[in-house]
Amino acid sequence: MKVTIDGQEIEVEAGTTILQAARMIGGEVVPPAMCYYSKLKGSGGKCRCCLVDVTKGSDADPRPMPKLMASCVTGCQDGMEIASKASPRVQEARKSVTEFLLINHPLDCPVCDQAGECDLQNLSFEHGKSATRFIEEKRTFEPEDIGPNIQLHMNRCILCQRCVQVADQLTDNRVHGVMDRGDHANISTCISKAIDNEFSGNMIDVCPVGALTDKTFRFKSRVWFNKPYNAHRDCDKCCGKTTVWMFGNEIQRVTGRKDEYHEVEEFICNGCRFDHKEVSDWVIEGPRKFEKDSVINQNNYTQKLEKVEIATEKNILLGRDQDRKKISMVSNPLDTNNKNS
Ligand code: SF4
Ligand code: FES
C-alpha cells in the first residue's frame, strides 16, 4: 500500500500502522509516542500524543477522517494521506495533550533520576506551553514499596501501562497492574507483593517518566555525568547485551540498549541489571551514542582531546614567555566526570 505522510510517500505492508510507517520514513514526520512500544503487544492507544490528521482516508474512500487519529493504533490504507508535523491542528493537539499529561505530573525534574532521559521532559520541551492553567491541587499517592530493586513514584505516573504489559508478557505471575478508576487510577502491586520476577527490571526501561526507577542507582548521579558504554556478558537468562553507565571506573547502573525511539533493543534479566556492577563482569564494547540533542551528550567524551596550556598568574602579569609553565592535560577539560581532570 502507498501512504503519504507530510508529503513523503512510502510503500508499506498491509497491517502497518501510521506510526510504524512514519518511523520507516524517519525524521520530523515521526509522531511522539508515550505509551506505544513496538516490543510490547497491545501497547498504544492510551496517551494520545501520537495524534495525526488523516486528510485522505484512502484511494477507495478519499474522505478525510473528521477527528485526529492516534497513529499508533490506526492502520494504513492504500492511498492514505496524513499530515503530522506539517499540520497546525496536530501541533495544537499535541500541545494540549502535553498540557493534559502535565496537570498531575510533579515538576520535580531536579531531583528525579529520569531527568535527562525522560520522554515527558522531551515532549514538554518540544510541545509544552510555558505556563499552566491548572490551579487545582495535583493528584498525590502514598509511597508504596514494591520490592528491593524498583522504586515506584506513583505521583509521576502517566498511566501508559507499558509496565503492566512488561509484567504480562515477560514475567510469570504478574503481581501489579492498574487499580481503581479515573482520577484515582494508579499502578500498584496486588496485596503489596514485591516484584521479584526475573525480568521485572524491564519495567524501569519502558517507563517513559520517572515513575519506575532503579533503586540501586537512586540519587547516585545525573545521567549526563555518566558515561554510557555498550557491554556484554555471557548470560544464560537473557541476551546479556546491555548499556553500562559509568562514573569514573564505577558501573553505577545497567540498562537495556535503547534505540532512537528510546525503546530497548532487547530485554535483559534482573541478574545482569542489578547484580553485575563490577567492570570485570563485562566485556566493554565501546561508547554508546545518543541523538545529537540529548543532554547525555553534555558529557561528550567522543570529541577530540585537546592539549590545554595554562599560563601562571605571575607570567601573565609580567608577560614573560620564558617563565611560562605549560601544563598538559590529557583529558578533556569539559569532562566534569573525569576524576583525574
Ligand atoms: S509506572 Fe511508568 S510505565 Fe507504568 S504506567 Fe506509569 S508511566 Fe507507564
Ligand atoms: S503513542 Fe499512540 S496513543 Fe500513546
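Here is a short conversation about the predicted model shown above.

Reader: How are residues, chains and ligands labelled, and which residues count in this predicted model?
Author: Residues are numbered from 1 along each chain as its sequence is written, while chains are lettered from A and ligands numbered from 1 in the order in which they are written. In this predicted model, local features need pLDDT of at least 70, side-chain atom pairs count only at pLDDT 80 or more, and totals for chains, interfaces and linings use all residues.

Reader: How many helices and strands does the protein chain have?
Author: Both are DSSP runs numbered from the N terminus: helices are H or I with at least four residues, and strands are E with at least two. Counted that way, the protein chain has 14 strands and seven helices.

Reader: What is the strand order in the open sheet of five strands?
Author: Two strands pair if DSSP finds at least two bridges between them. The pairing in this sheet is mixed. Strand 2 (8-11) and strand 4 (69-70) each have a single partner strand, so one side of each is left without a neighbour in the sheet. The order is 2-1-5-3-4.

Reader: Which residue is the bridge partner of Leu51 in strand 4?
Author: Strand 3 (residues 51-56) and strand 4 run antiparallel, joined by two bridges. In strand 4, the partner of Leu51 is Ala70.

Reader: Which helix do the buried residues of helix 3 pack against?
Author: A residue is buried if 20 or more other C-beta atoms, placed from the backbone, lie within 10 Å of its own (exposed if 12 or fewer, partly exposed in between). In helix 3 (residues 119-127), the buried residues are Asp119, Leu120, Asn122, Leu123 and Ser124. Contact takes C-beta atoms, placed from the backbone, within 7 Å. The buried residues of helix 3 pack against helix 2 (88-102).

Reader: Which strands form the open sheet of three strands, and in what order?
Author: The pairing here is antiparallel, and two bridges join strand 6 to strand 7 (residues 150-152). Strand 6 (144-145) and strand 10 (212-214) stand at the edges, each with a single partner strand. The order is 6-7-10.

Reader: Which residues come nearest to ligand 1?
Author: A residue is near a molecule or strand if its C-beta atom, placed from the backbone, lies within 6 Å of it. There are 14 residues around ligand 1. The nearest are Cys157, Cys160, Cys163, Cys207 and Ala211.

Conventions:
Two residues are in contact if their C-beta atoms, placed from the backbone, lie within 7 Å.
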